[in-house]
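Here are my notes on the fold, point by point. Please read them with the coordinates open.

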Amino acid sequence: MIGNELTTIINDVHCNWLVSGQDLLCRSILLKAELVESAKRNYTHVLIVPEDCMNLVSTTLPTSGLVIHGALPTYAASYFPVFTPELNEERVSRFLQLLNLYGMSESDIDRANEYLNFICELEGMNNTKSVSLCSDLIKKYSSISAVETVINSLVERSIITPSQYRQLIEKYSEVSPAAPSIENFLNSLNNTFFWKSNRERKIALLGARDCVVFMLKKNMNMAKRKYLLQMIAWDISDASNTGKKVVVTVLESKKKYGEEISLFLEQVDGYARVSMYSDDLFMGHSEELQEMIMSYFSNYIYSYHQSMKSCGIISKQCGEIPVVRNSYSCDRDRRLSNNKLIDRMFNTNRVDHYVQHVPVWEPKFREEDIHSMPPGTCLVRTKNDDFFADIN
């Protein structure tokens with residue numbers, strides 16, 4: 001059961017919130033409450049889950065009320081929301097962004113841009129209609145012979161003049177060096193995103209109360225994680241633009257995210273409400289990345305942390321309060337001549353001293369208290385207050 005304060009945080013559609021800590025009881029109860037709330041509000045829910053956190057999700061999802069649409073990426077369907085926008089310029093832009101994540105130099109990306117625009121223009125001349133970039137188009141013009149066949153066909157059909165023919169051949173010779181790199185890059189992605197599959201799955205195709213899980217496998221390298229999170233961000237943007245209300249839950253295990261998580265949070269900001277569950281946000285991340293991640297959240301829920309260093313950081317976040325301490329002392333007169341019976345009877349044979357000291361600033365929540373929080377207890381930080389809360 002969650003208290004009113006935590007319920008308010010979870011139900012606030014304008015509030016991003018972050019959970020950090022190793023208390024599995026807190027984590028599972030909060031996740032269950034969040035998923036149930038999504039089902040009540042008819043949201044589309046997206047979970048991004050490392051493989052070693054799948055047990056928590058698999059035990060929580062079935063009773064949430066959400067309609068589960070399996071895990072992505074999967075060999076049974078493609079997940080490649082790169083060529084989904086209607087505008088060709090946006091499709092090209094997305095593909096070039098992937099090439100940037102791939103590590104291409106700026107000059108190579110410029111050449112790739114020219115090549116992609118060239119094959120789109122050539123296909124438009126061949127079909128006499130507007131053409132948008134897609135994987136089939138890239139595959140169609142992957143060889144020199146295919147390009148030459150189309151250009152020769154344009155001459156034979158009198159669509160272009162011999163002079164234009166020479167211009168196209170010259171232009172192709174300039175941009176064609178980018179073709180092998182593009183094709184190799186796409187082929188390298190197929191083993192993860194299966195873009196060659198005829199069946200397609202996307203967040204933008206989901207409806208109210210639908211849920212999809214993106215599983216980050218242990219053998220997925222950093223580059224593939226970047227590509228996947230980038231594609232999820234585009235997909236959420238597409239879904240939001242069609243009027244869907246999307247909620248995103250990101251889980252982080254002991255294997256930490258890198259800069260790709262801050263880029264993801266930046267891109268989905270404004271398109272979806274986000275929550276994040278971290279094993280320990282303050283271990284394994286640089287201070288700069290910690291600050292960047294936390295800047296996208298309004299409320300924070302901390303449970304037990306094994307690391308005293310992490311507890312100290314949380315304590316410091318909550319600030320200090322002035323504490324006034326009182327002291328007391330007592331002087332008794334033990335001399336027989338002055339220690340009369342009546343004074344002993346009425347306790348007047350002494351002098352009491354009460355002292356109120358100057359206020360001292362101390363942590364509002366000590367790191368020792370944070371470290372010793374029992375299961376089901378968490379420290380909540382909101383814009384307006386910090387407090388302990390029990391979940392039972």
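1. Start with β6 in this predicted model. The strand is mostly covered, with 7 of its 7 residues buried. The burial applies to both faces. On one side sit A272, V274, M276 and S278; on the other are R273, S275 and Y277. As a general rule, side chains in a regular strand alternate between the two faces of the sheet.

2. Which strands pair with β6? β1 (residues 17-20) does so in the parallel sense, over 4 bridges. Within that pairing, V19 is bridged to Y277, and S20 has S278 as its partner. β5 also runs parallel to β6, joined by 7 bridges. One bridge there links V250 with M276.

3. Look at the connection from β5 to β6. Together with helix α11 (residues 259-268), these strands make a β-α-β unit of right-handed sense.

4. Now the whole sheet. It is open and has 9 strands, ordered β3-β4-β2-β5-β6-β1-β7-β12-β13, with mixed pairing. β3 (67-72) and β13 (386-390) are at the edges; each has a single partner strand, so one side of each lacks a neighbour in the sheet. From one strand to the next, the twist averages 20°.

5. Two helices deserve a check against the sheet. Helix α2 (residues 24-40) packs on it and touches β1, β2 (44-50), β5 (246-252), β6, β7 (299-302) and β12 (377-381). The α2 direction makes about 165° with that of β6. Helix α13 (residues 308-318) lies across β7, β12 and β13, at about 40° to β12.

How values were computed
Residues are numbered from 1 along each chain as its sequence is written. This is a predicted model: local features need pLDDT of at least 70, side-chain atom pairs count only at pLDDT 80 or more; totals for chains, interfaces and linings use all residues. Side-chain values use heavy atoms; hydrogens and water are left out. Two strands pair if DSSP finds at least two bridges between them. Axes are lines fitted to C-alpha atoms, for helices over the stretch in contact, and angles run from 0 to 180 degrees between N-to-C directions. Contact means heavy atoms within 4.5 Å. Buried means under 20% relative accessible area, exposed over 50%, partly exposed in between (1.4 Å probe, protein chains only). A crossover is right-handed if, with the strands pointing away from the viewer, the path from the first strand over the helix to the second runs clockwise.
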